[in-house]
Amino acid sequence: MNLIDRMANLDRRWIFLMMGLAVGIPIIVIGITGKTLPEEPTPLAQAAFDVLDDLEPGSRILMAWDFDPASEGELGPMATSFIRQCAQKGHRMYFIALWPVGAQMIRSSTSRVIGGYYPDLVYGEDWVDLGFKAGNEAVIKTIVTDFAQYFPTDARGTSVDAIPMMEGISSLANFDAIVNASAGYPGSKEWVLYAATPLKKPLIVGCTGVQAPQMYPYVPNQVQGLLGAIKGAAEYESVVNKWVRSEQMLDALESGGITEPASSELAARFAANPSEASTWTTEAAAAAMSPEAKTRLIELASAPTPGIFLEAQRRMGPQLVAHLLMIGLIIAGNAIFFATRRRGGSQ
Amino acid sequence: MKRIVPLWITAIVGLVLIISNFLPGTRSWGEEATTWFGIIAAVAFVLGGGSLLKVHLKKISDRNSGWAYSMIVLGTFSATLAVGLFKIGVSPNPAFPDVPWSGDVQGQGTPFWWVYEYVFKPLTATMFAMLAFYIASAAFRAFRAKNFEAVLLLGTAFIILLGRTFAGYFMTSWIPVDGPFSGLRLEELSVYIMQVFNTAGNRAIIIGIALGIAGTSLKILMGLDRSYLGGGD
Amino acid sequence: MNRQQLTLLSIVGIFVILLVARAFTGNGFGRIYVERGDASFVKVEVPVLDTPDGEEAEGKADGVRWTWVDASSDEAVDFAKAESPRAAWESVTPVSPRVYFEATIANEALQAAAETAYAGAMTGVDLGTALETWRLALLEKANAVAAGKAQPAVEVNWAALRTAGFTRKTSISAKAGGDFTASLDAIFDAARATGESDAETTFVVADGRGTVTTTADDVVPAIGLSWSRTIGLWLAAIFTLAIFSFLYKDNPLYKTAESVVVGVSAAYWMVIGLWDMIVPNLLGQLAPGFVQGNLIPGLAASDPNWAYLVPAIFGALLLMRLAPKGQYLSLWTLAFIVGTTAALRMVAYIEGDFLSQINATIAPLYQEVVNADGTVNGYSSFWASVRQITLVIGVLACLTYFFFSVEHKGAVGKVARVGIWFLMITFGAAFGFTVMGRIALLAARFEFLFDDWLWLIDPMNQRSAAVAVSCLF
């Protein structure tokens, strides 16, 4: 047997091993070095951010978490960043799930983000977990006109009448936008068909790689922001991280007495290039600032982004190597195929 | 009788739901029907559990091959069901500590949560993660550039695979961003493919499927398509 | 032994050796720590202010209302009586291993510091200053022992000391230093002499904190290993590896894991369906009193809604499928399901897919892109128009390909062929995205193994970075 024959009959377990290493090694390397690859947002990820950013603080956002642990690898980071943007912006978040396990997804993402980084948000006033309801698109169809029909209580068993932020909510029409993290049916397509299209509500979709291509035709009329697969998550995550940092710096600047529009300009500048913050504090313009505010600003500039907000960007490392492996495998497979065919071989 | 009643149920519920879209006075009828649908969907979960029980009990009683695995299925099924249904180890709702059954069965720390976190979650997630291995094996064995169409398919896949990672950015970073050829940068190209070619293809598919679904639905509601009632009169 | 078995054996062998080596380096791996506390509640009568007119809620009468509150809340302090009903259970909060490690390091350092003789003198100062001096000295010594790995804390529980009769103003004249604990005792003895109570004062080290406190307020270590969760984590890791073992070949371990997932998920859905849907949405309508009294006390009170007997009957009919006789009755429910789905889809697909997608395609072929200053950007407009034209051509060509009523010959055949090209690009894109998704899922599983279980990497900073890296190399 020559090399080509041996390659053509390669035990597929070697390919499995290659795939395992292509994914495993970058995870270890990135885990130890802590470095991630840079991300440039594509228009759709930016649009997803802009929709939520353009709404006034305090807007009502329906967060529909329609996924399960099987797709958490792709959608978990999106869910994290969606919550982070809404929490930082001060939107009111209403979580629901159409997948039985979605209720657990709501719990894990809210406890990680709200519990860990926005502990000041009050349950029932700033966010509420309405839990899972069975019925797939029938749930959406019902709440488009009547919310309480399907959701008499929240996931913790409190009547919706007793939840302050549910006041004034009679149907989906009372919401300002819908954010959906979706792994299949029921999911983003159902939210487009039964809610976003008839109500003409802004809809932001974060979906798996399998669904993403089918969602593109709905942009921009029926879907305003689309995050496809882990790449979409990574782009959106980087936009949100940068913005949150600039917002926090803006707070520090304003608490130190720097006013608009100078504060916004500076915050944006420091967010793009954090090292500038420490040199700026020594300049004359910063003289008016209190020492505490200056220290806070420099702290913010040098503080690393918490690991949970870099999940998608970290995952782009194994993604890169595995994609190259896939391309290599397809090319190798074809090379072997054409080589054996030319010889009139086994094909 | 066996077939007439279901046909009428389908027709009536369908009619009510369609009318409720157009006549405001009938809207609440539609809401009731869709809420009932959700309740029946939840009952279907019970049916699923019941069927599983039936199949595996039969397998065990017949001593079919692999009946020991059926024992595992039944054992884990009953254990999960017991801790969930009876809310074992669940603390009451903090707002109502005197109502013992008011607790949250899915809350962190309950035995039911433990089953989810350490059994259900790793198992289902890993099952899906296995697909990465199989798609790699398929890439090596099945994707052949035999004709022009296949080359188009594979070429697009390559652009997407490269353009959606840092590799694409790295390979074509020498093309100026604001120059006339910036569209040829792989990350731009992948966006262009998705928003134009993929959108066109999928839009046609969506339009086709929508017509198909509307047609089938109409046939079902009018009783012309009775395949869901099963074969044989 | 053939080559295949040898390869497998060496891979498994290397893995096991690494695992054992990993277990004995640094802080080991695969453990979950929790902080245990008490959740205690008390039922109190709270005056109701501003009751809206005409509103008579449950338990509300004459301007007071009975409510359960957290035993440490202000309401509990103000309104709780000795005979008030109380309830308590253990609360468990997971903490990152870092918290546990730091507490352990700090515990050791504080203990070492507390057992070392204190060099300074504590005379002629009030209790507060003396304690502060001692606190700083203690911290300094503890920090030296911990070598900067963790910051121990020393707290003075003033509330407890006050109830024991000490005040900040208590003057003292302790004997000059020497033994630190002796000095401390001298301080407290002196303070007690002027105080009202002679409660025993102790220095307790727990959870990385040293606390000067009285017996009235014992500090019990709260942070520790959770056996149930640690066993769970190992089980999760074993199940993950069991599923992966199928890649080598089918085996009993995989089959077991597969059976477990079948059993668990069926039961899981049943439980969720019951508690999240059937109880609140069906029973809550048919027997609201029972549900409110026993299962969901937070549910708003209402009268039974007998219309919900219909879904209850349909549900029961559906379960007839399991019965030996009368299975045809389940078709009635099936008919309801099919009818609802068909009606919902017919309207939604026509509106949301068919009409909206055609609508989205019918846009001017010439797309004008305007610059910020209001002038037309010719270059961008050109490309935007090219995109729009390509899109329209693509949709029409693909639809032509799908149109099977006309034979694909001549011009139609050519257009259909263009449609195939578009579809091939579409499928290529779908393939690319599918690959991307699958790999992300695998990456997530590997992260679980490397991070949560093996503690090889620490992206979430759950364990101190120094610990994580040192145990790998």
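Buried here means under 20% relative accessible area, exposed means over 50%, and partly exposed covers what lies in between (1.4 Å probe, protein chains only). By that yardstick Asp458(C) is buried, at 11% relative accessibility.

A bit of housekeeping comes next. This is a predicted model, where local features need pLDDT of at least 70 and side-chain atom pairs count only at pLDDT 80 or more, while totals for chains, interfaces and linings use all residues. Residues are numbered from 1 along each chain as its sequence is written, chains are lettered from A and ligands numbered from 1 in the order in which they are written, and side-chain values use heavy atoms, with hydrogens and water left out.

**Salt bridges**

A salt bridge is a side-chain nitrogen of Lys or Arg within 4 Å of a carboxyl oxygen of Asp or Glu. Over all chains, the structure holds 23 of them. In general, side chains of opposite charge can pair when their charged atoms come close. Here are three of the pairs:

| Pair | N to O distance | Relative accessible area |
|---|---|---|
| Asp62(B) and Lys58(B) | 2.9 Å | Asp62(B) 38%, Lys58(B) 52% |
| Lys43(C) and Asp98(B) | 3.8 Å | Lys43(C) 22%, Asp98(B) 43% |
| Asp458(C) and Arg463(C) | 3.8 Å | Asp458(C) 11%, Arg463(C) 2% |

In chain B, Asp62(B) counts as partly exposed, whereas its partner Lys58(B) counts as exposed. Lys43(C) and Asp98(B) also form a salt bridge. Lys43(C) sits in strand 1 (residues 33-47) of chain C and Asp98(B) in the loop between helix 3 (67-85) and helix 4 (111-129) of chain B, so this pair joins two chains. The element names follow DSSP runs, numbered from the N terminus: helices are H or I with at least four residues, strands are E with at least two. Both ends are partly exposed: Lys43(C) and Asp98(B).

The salt bridge between Asp458(C) and Arg463(C) has a buried residue at each end, Asp458(C) and Arg463(C). Elsewhere, salt bridges with shared partners tie Glu39(A), Lys231(A), Glu235(A) and Arg164(B) into one network.

**A nonpolar patch**

Trp14(A), Leu17(A), Met18(A), Leu21(A), Ile25(A), Val29(A) and Ile11(C) make up a nonpolar surface patch of about 630 Å². Patches are built from residues with over 30% relative accessible area and no salt bridge, joining like charges within 9 Å and nonpolar side chains (Val, Leu, Ile, Met, Phe, Trp, Tyr) within 5 Å. Accessible areas come from the Shrake-Rupley method with a 1.4 Å probe, and for residues only the protein chains shown count as cover. Which element gives the patch its largest share? That is helix 2 (residues 12-33) of chain A, with 6 residues. Trp14(A) lies in this helix and is partly exposed, at 44% relative accessible area.

**Chain A as a whole**

Chain A has 14 helices and 6 strands, and its C-alpha trace spans about 80 × 60 × 35 Å along the principal axes. Of its 347 residues, 61% count as buried. Its accessible surface comes to about 12,300 Å², with 56% belonging to carbon and sulfur atoms. A contact means heavy atoms within 4.5 Å; among chain A contacts between residues at least 6 apart in sequence, 74% join residues at least 24 apart.

**Backbone oddities**

Chain A has a cis peptide bond from Tyr185(A) to Pro186(A), with omega near -10°; Pro186(A) is in the loop between strand 4 (177-182) and helix 8 (188-199) of chain A. The bond from Val219(A) to Pro220(A) is cis as well, with omega near 0°, and Pro220(A) falls in the loop between helix 9 (212-215) and strand 6 (225-228) of chain A.

Ala229(A) isn't a glycine, yet has a positive phi of about 55°. Ala229(A) belongs to helix 10 (residues 229-255) of chain A and is buried at 0% relative accessibility. Lys87(B), also not a glycine, has a positive phi near 50°. Lys87(B) sits in the loop between helix 3 and helix 4 of chain B, buried at 12% relative accessibility.

**How far to trust chain C**

pLDDT is the predictor's confidence in each residue, from 0 to 100. Chain C has a mean pLDDT of 81, with 80% of its residues reaching 70 or more. Among its elements, helix 7 (residues 227-244) of chain C has the highest mean pLDDT, 95, and helix 14 (residues 465-472) of chain C the lowest, 36. Over residues 54-61 of chain C the pLDDT is below 50, and this stretch has 7 contacts in the model beyond near neighbours in sequence. Residues 465-473 of chain C also stay under 50, with 10 contacts beyond four places in sequence. Where pLDDT is low, the predicted coordinates should not be read in detail.
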